[in-house]
Amino acid sequence: MALNVLAFTFGIMALFSAMLWIYYALQKDGSGFLLITINAVGCFIETIYIILFITYANKKARISTLKVLGLLNFLGFAAIILVCELLTKKSNREKVLGGICVGFSVCVFAAPLSIMRVVIRTKSVEFMPFSLSLFLTLSAITWLFYGLAIKDFYVALPNILGAFLGAVQMILYIIFKYYKAPKVDDTEKPKTVQDHSIDMVKLASTTPVSGDMTVHPQTHAGDLEGQMEKKVTNQIQT
């Protein structure tokens, strides 16, 4: 469940970041065509993902998804547009938007840190496919060189972090893909109660019963007096 929420949060943040980059590219004078096209495709894919999540999620998750989507991707994006259009000048607008885009791009790249923590804790790469880490790394490296080529600091900066985190993910995948937990030797297992249990029935059946035990008759007081009188009589006669 926690991983599903994490994936949903990543989708929301990725959609919001793509929307911001489109708005940032529109502020550039004819040099933002690639940014517009790639982020438009990203918006389309993330929208499909969010629609599928809302369709098949339970009622509680669906409501929370719609709340976050409305607050961040609609109200938040509208607030940023209003602030940039009304409170910033044309010359400074690109810098302000660039800083905002870098901040949210870093959040998107940092989202897989939770997955990396799960991999380290469980020592399993089930939730971190190698192909995803590979292509994220290649994408970050490509956009890094593109940002350096066009001398756009805001495009290049977040992709430095993306390339680094992608490389770390692939290293973790290689380490834990072939990780084998140490086996416990059977000879060292503690003995159980069953190993020391005593068969009481068998013990009872093999216990010998003594047949030499005799019960001596109880001596009464009247018999004892008779024996004493008989003994005294014999002594007088002798």
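**View 1. Phe77 and its ring partner Tyr23 in the predicted model.** Phe77 counts as buried at 16% relative accessibility (buried being under 20% relative accessible area, exposed over 50% and partly exposed in between, with a 1.4 Å probe and protein chains only). Tyr23 is likewise buried, with a relative accessible area of 7%. Helix H1 holds Trp21 and Tyr24, both buried, and the rings of Tyr23 and Phe77 have centres 6.4 Å apart and planes at 75 degrees, so this pair is edge-to-face (rings of Phe, Tyr and Trp, the latter by its six-membered ring, pair if their centres lie within 6.5 Å, and planes under 30 degrees apart count as stacked, over 60 as edge-to-face and the rest as tilted). Because Tyr23 lies in helix H1 and Phe77 in helix H3 (residues 59–87), the pair ties together parts that are 54 residues apart in sequence. Phe16, Tyr23, Phe77 and Phe104 form one aromatic cluster.

**View 2. Trp21 and Tyr24 within one helix.** Eight aromatic pairs are found in a search of the whole structure. For Trp21 and Tyr24 the ring centres are 5.4 Å apart and the planes stand at 90 degrees, so the pair is edge-to-face. Both residues belong to helix H1 (residues 2–26), where they are three residues apart, about one turn of the helix (helices are DSSP runs of H or I with at least four residues, strands are runs of E with at least two, and both are numbered from the N terminus).

**View 3. The salt bridges of Lys28.** Lys28, which counts as buried at 14% relative accessibility, forms a salt bridge with Glu94, the closest N and O atoms being 3.2 Å apart (a side-chain nitrogen of Lys or Arg within 4 Å of a carboxyl oxygen of Asp or Glu). This pair links Lys28, in the loop between H1 and H2, to Glu94 in helix H4 (residues 90–110), 66 residues apart. The side chains of Lys28 and Asp152 also meet in a salt bridge, at 3.1 Å from N to O. Asp152 is buried, with a relative accessible area of 5%, whereas Glu94 is partly exposed at 28%. Lys28, Glu94 and Asp152 are thus linked in a network of salt bridges.

**Notes to the views.** Residues are numbered from 1 along each chain as its sequence is written, and side-chain values use heavy atoms, with hydrogens and water left out. As this is a predicted model, local features need pLDDT (the predictor's confidence in each residue, from 0 to 100) of at least 70, side-chain atom pairs count only at pLDDT 80 or more, and totals for chains, interfaces and linings use all residues.
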